[in-house]
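Got the model open in your viewer? Let's walk through it one selection at a time.

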Amino acid sequence: MANILGIVNFENDDVIVEGLSEFRTIPAISFLGRYRVIDFVLSNLVNSKINQIKVLTKEKPRSLIEHIGGGTQYNINSKTGSLDILYSDHPIINKLYFTDIALLSQYRASIEETKADYVVIAPSYMICRIDYQQVIKQLKETEKDIALVYKEIKNESERFLGCRELIIDDGNIKGMRRIRGGSKECNNVFMENYVMTKQILLKLLDYAIETSSIYSLMSLIEDNVTKFNVLPYKYEGYLACINSLKNYFDTSMELIDQNKASQIIDEQWPIYTKTNDSVPAFYSKKAKVKNSIIANGCVIQGELENCIIGRCVKIKPNVKIKNSIILPFAVIGENSQISYTVVDKRATVKTVNTINGDKNNILYVKRRDTV
């Protein structure tokens, strides 16, 4: 089994989950009631027997640091492994120069000192289930330098706007292009997963610093993809990208379906997360719940359908909520009617009784606001 260093990359500036990302980084956003977005990539790494992990951070790291802590909830043995959060030692004055390459270069010595032979770099905002040991096995067998992981899709380009498509011909990567709205239908979504030897990563860091001070790993690979000996590794499983409020909402609603959720979560592939001691959810006699995920600590006195309700949410009597996400500690006052809405953490709905969006116009209630 390969000795691997796992690196969780931060999101690029094009990734904005409107409203939610104003208060925290994308990987720290609450997901499916009990998880955070980052739990899925960290669990992929841990389930792939990777116990040396570094998480790159940039802006608003507090929520992420509080959630990750020392990493014990991810089943990492501190005697043999570690989960470290990497942040810049220098003030971020110009975002143009703050790239993943720049941050990794600050920690070059730490990377060089690890005993890992291989490095996996994975994005924090892609939801999937992938065994990186299998990627490395194929990388070894084909004697390639770098593996780029992609998924073949059909009629789903709108879900991956802003991502890159790999242009593959006869098993070789010929280039990349950004997926744009109204553009040619995408075939191969690049999952922003890079797998390579540690020595190749160190050479890439050196090359990037010598060539351009504003290179990111993505732009470096994009500009030089035909110069490297690259393996296009085809991923076959479930894939979602949390890079907008609509994608966050649509993915959450899709994963209410247990058949869909079982593609990324099961007993053999657990999703690790920070746990909290709280009482089970309470349902009043008049409560009605259909096709919803309800976290612990909630008080449900109204009607819910196709909803995800975070920890310790209070749903008062005569409330009707459909197709919505309510984040932890929110309070929904009596007689409220809500649909196609994301209510952020500790918000209170009590004056405006009706908040109705639609599937193409997801509404957002701001964190700690009272409406």
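Start by selecting strands S6 and S11: the two run antiparallel and are joined by four bridges. Strands count as paired here if DSSP finds at least two bridges between them. For a landmark, find Val120, which stands opposite Val195 in S11. Strands (E, at least two residues) and helices (H or I, at least four residues) are DSSP runs, numbered from the N terminus.

Before moving on, a word on what you're looking at: this is a predicted model, where local features need pLDDT of at least 70 and side-chain atom pairs count only at pLDDT 80 or more, while totals for chains, interfaces and linings use all residues. Residues are numbered from 1 along each chain as its sequence is written, and side-chain values use heavy atoms, with hydrogens and water left out.

Next, keep S6 and add strand S1 (residues 4–9). These two run parallel, with six bridges joining them. Asn9 stands opposite Pro123 in S6.

Now show the side chains of S6. Are they buried or exposed? Six of the six residues in S6 are buried, meaning under 20% relative accessible area (exposed is over 50%, partly exposed in between, with a 1.4 Å probe and protein chains only). In a regular strand the side chains alternate between the two faces of the sheet. In S6, Tyr118, Val120 and Ala122 point one way, while Val119, Ile121 and Pro123 point the other way.

S6 also leads to the largest pocket: S6 (118–123), S11 (188–197) and helix H7 (217–224) each supply at least two residues of its lining. The space inside is about 570 Å³. To centre your view, select Asn12, Asp13, Thr99, Asp100 and Ser216, the closest to the pocket's centre of the 26 lining residues. A pocket is an open set of points on a 1 Å grid over the protein atoms alone, where a 1.4 Å probe fits, with protein on both sides within 12 Å along at least five of seven lines; lining residues have an atom within 4 Å of a point. The volume is the space filled by probe spheres set on the points, which are joined across faces, edges and corners. Colour the lining by class and you get 11 nonpolar, five polar and 10 charged residues.

Which residues should you pick for the second largest pocket? Go for Arg36, Asn276, Pro328, Phe329 and Lys345, which lie nearest its centre among 23 lining residues. Strand S3 (35–36) and helix H2 (62–68) are the elements giving two or more residues to this lining, and H2 has the largest share, with four. The volume of this second pocket is about 490 Å³.

Time to look inside. Select Ile53 and Tyr248, the residues with the most contacts inside the largest nonpolar core, which has 72 residues. Such a core is a set of buried Ala, Val, Leu, Ile, Met, Phe, Trp, Tyr and Cys residues joined through side-chain atoms within 4.5 Å. Helix H1 (residues 38–47) gives this core its largest share, six residues. A second, separate core of 36 residues includes Leu103, Ile111, Leu205 and Ala208.

Last stop: two asparagines. Asn323, in strand S20 (residues 320–326), has a positive phi near 50° and is buried at 17% relative accessibility. Asn335 sits in the loop between strand S21 (331–332) and strand S22 (337–339). Its phi is positive too, about 70°, and Asn335 is partly exposed at 44%.

Conventions. Nonpolar A, V, L, I, M, F, W, Y, C, P; charged D, E, K, R; others polar.
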